[in-house]
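I opened the notebook today to look up aromatic contacts, surface patches and a few single positions, and I wanted the entries to stay close to what the model itself shows.

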Amino acid sequence: MGVPAVPPKAEASGQKRKRKNETNGAPELPSFGPLGMEMHSDEENAAVGSGDEESESDHESFPELDTRDDSEDDTSDEGNDPEEHDGSSSSSYLLEDSEDEVDVSQDDVVNIGPRATTILSKITGRPKRVYPEIVPDYDSDSSTEDDPNRVGNIPMHWYDDLPHLGYDIDGKKVLRPAKGDELDKFLSTVDDPSSWTSGFDKLTQSDQQLTSEELDIIRRLQAAEVPDASYNPYEDTVEWFTGKGKEEVMPISARPEPKRRWQPSKWEKQKVMKIVRAIRQGRILPRKPTSTQPQFYQLWATPASDHPPPLPAPKPPLPTNAESYNPPAEYLPTPEEKTEWEATDKEDRERNFLPQKYSALRLVPGYDQFIQERFSRLLDLYLAPRIQRKKLNIDPDSLLPQLPSPQSLKPFPIFELLRQEHGSKARCIAISPDGVWVASGDESGLVKVWEIAVGREAARYQFESRVGSIAWCPRDDVNFFVVGIDQAIHVLVPPYIPLAMLITTLALLTPVNPPQPPSSSSPSLKWVASSTAPVSRSPSPLLTIHMPPSSSLVKQITFHRRGDYLASISESDSVWIHQISKRHSQAPFKKIKGTVQRVQFHPTKPNFFVATQRYVRMYDLAAQKLLRTLQSGIRWISSLDIHPSGDHLIVGGYDRKLCWFDLELSEKPYKVLSRYHSKAIRSLHFHPTYPLFASSSDDGTIQIFHARVFSDYLTDPLIVPLKVLRGHKIVEGLGVLEIRWLRDRPWLVSSGADGVVSLWCN
């Protein structure tokens, strides 16, 4: 490569040194000019020495140093001789001095690099020396590129509120790189397959790509291996002193053997003799035995310390007058008693001998049962328990809970007041919120609306298929009920209702501008309003919900406590929730586990209970998640109802079991009542205001229970059976199919398979 031209003063000083070296006899050095030098490493020198030379074109030339200032680029070529520009480019401004430059006082100094200039400071007004800016456009040093931020090892959170991260080598601010949001980071990881091999650098606030060596170190640390790949932990052992020619010939130490290696120590002898003299004089006594217990002792003489001592053996009974050799005459057996005693088994005999009378003691013969009695005595001692058991004299009746008398728990229904006849099985009933009307349906498709007070039939509706369920809206400002049949739910208005309530009901069911169903509604389920003029006593329904074709008979309909939502179940296990105000229906479950038997809304919370064949699941409709699963232990659930407080639940099954759940206590039943019905339980219902609930069964009976729930969580619910109501006949193995309480009276309405709807009163 080219070398910069030497200044005149430096050349003069070089000629002086040359003459001095000639006078001293040193060899003459060639003059410095453009040189073509090669810089070899140790391996390259060896290659050169061996004669393996390469052409100069194979080696990359060292880049030239351009030390010119930007301001001097235009004037650097003026006024210079052509000889100064031969070879590689040289720094011309090293030979020129501007008007502001200062003369160099030392003639022997050769400046390899830019020279400083003296200028006047704009702040202080004094001269200062300024060097031209270093332009890193060469490859010899890349330290400024590898580490642009030169703040050092400091907490980087100091720069959190600043737009820059630190300073570079020139003292300039290093700006913070732009950051994207989480979506940009995710897209960068998707687009760049090598993003997972990068790490975040706090110094530059950016992701730096890790090298293969760093990734290998991380992999080794995760695998609990040695980080250094070149380290072999299982190297072969170097046998330094094993093998031929590696024997230890010379000893480790040349010291002579001490005398204690083969001669006994006289100091130890004196110490032992001192202890022996102390033992002989009695100053040192041997250790006393720590235990005074004899070595041999009777095993059963002393009881063990971990349990109480055994009880003494039972004593044999003392002899009575019957054992006497001369007993009184009344103790002697008659021939009949003797024959009876001989015919009786040994285990059943009162005595093991017959009393006999002898005139003298010397005439008494030997006892023939002596050996047998001694053997029995030994068996009694061997097999007799040695634990004293205390018998508790407790009255069994005191262990039973003290239940209050049914007379103190009145009122509750005790007799049948009214009866309404149907031509076929009365499957379902519903009671109006005001307690005036009762709607009952049978399998022939007939629905009757009759008055509770006198039993007068007010309206009759005939449908083309059997009636599966009836439910009355619980709202107080409107009055209507719904009837579920095959693949349809009809909305009907009862007769003889006030005009204001009728107007409100018609405005809800048949508005002038009916709401449009949302796009999320199922296309197979349709809401159809009546085309005729709405009249309160019209036999046709005002509104009809046509279920999907796959659904069959609607077997249950239940309302939410606010009256705007109602849930329905079909025999095809499809569950739907309908909203009347918006005419919107939706299926809350995409897939149902098991056969759905009953559903129920929570009275105070947005919870929904679904009873399958064996389990009762509790869902949160607002959060759309499963809260808990109740394990009833019933083989097949038939009915369920929720207490008005919302903390208790009763479940009935076809296996005669009735389970009471405390929702705050456990997922298993608090109490199981299984002996009150002899056949399958069909219906359960809590009274809305009184502490009562009832259950009906296929045995034709209705059980009335007192169920008092306390406000404190420490007191258990009080469940007392009160009355058994009998009045329905069993037809084809079916008894009482459904029961319902009146809201403000302790009256009960029941429907049976015999086609009778009964009203039970107190």
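Entry 1, burial of an aromatic residue. I began with F559, which counts as buried at 11% relative accessibility, the cut-off for that word being under 20%. I kept in mind that this is a predicted model. F559 forms an aromatic pair with F480, and I noted the geometry as edge-to-face, with 6.3 Å centre to centre and 70 degrees between the planes. I then looked up where the two rings sit: F480 lies in the loop between β12 (469-472) and β13 (481-485), F559 lies in strand β17 (residues 554-559), and the pair therefore ties together parts that are 79 residues apart in sequence. For F480 I found a relative accessibility of 0%, so F480 counts as buried.

Entry 2, the aromatic pairs in general. I looked up the total and found that the structure holds 12 aromatic pairs. One of them joins W437 and Y496, and here the rings are stacked, at 6.2 Å centre to centre with 20 degrees between the planes. Since W437 is in strand β9 (residues 437-442) and Y496 is in the loop between β14 (488-492) and α10 (499-509), this pair ties together parts that are 59 residues apart in sequence. I asked myself whether W437 is buried or exposed. With 5% relative accessibility, W437 counts as buried, whereas Y496 has a relative accessible area of 46% and is partly exposed. I also wrote down one aromatic cluster, which is formed by W660, Y676, F686, F693 and F705.

Entry 3, patches on the surface. I looked for charge and found that K271, K274, R277, R280 and R283 gather in a surface patch of positive charge; of these residues, I traced K271 to helix α6 (residues 266-281). I then turned to nonpolar side chains, where L183, F186, L187 and V190 form a surface patch with about 400 Å² of accessible area together. L183, which I looked up individually, is found in helix α4 (residues 182-191).

Entry 4, a proline in a loop. Where is P114 placed? I found P114 in the loop between α2 (42-49) and β1 (117-120), and with a relative accessible area of 34% P114 is partly exposed. I also checked P114 against P132, and recorded that the two are 18 residues apart in sequence and 6.8 Å apart in space, taken from C-alpha to C-alpha.

Terms used:
Residues are numbered from 1 along each chain as its sequence is written. This is a predicted model: local features need pLDDT of at least 70, side-chain atom pairs count only at pLDDT 80 or more; totals for chains, interfaces and linings use all residues. Side-chain values use heavy atoms; hydrogens and water are left out. Patches are made of residues with over 30% relative accessible area and no salt bridge: like charges are joined within 9 Å, nonpolar side chains (Val, Leu, Ile, Met, Phe, Trp, Tyr) within 5 Å. Accessible areas come from the Shrake-Rupley method with a 1.4 Å probe; for residues, only the protein chains shown count as cover. A salt bridge is a side-chain nitrogen of Lys or Arg within 4 Å of a carboxyl oxygen of Asp or Glu. Lys and Arg count as positive and Asp and Glu as negative; His and the chain ends are not counted. The place of a charge is taken as NZ of Lys, CZ of Arg, CG of Asp or CD of Glu. Helices (H or I, at least four residues) and strands (E, at least two) are DSSP runs, numbered from the N terminus. Rings of Phe, Tyr and Trp (its six-membered ring) pair if their centres lie within 6.5 Å; planes under 30 degrees apart count as stacked, over 60 as edge-to-face and the rest as tilted. Buried means under 20% relative accessible area, exposed over 50%, partly exposed in between (1.4 Å probe, protein chains only).
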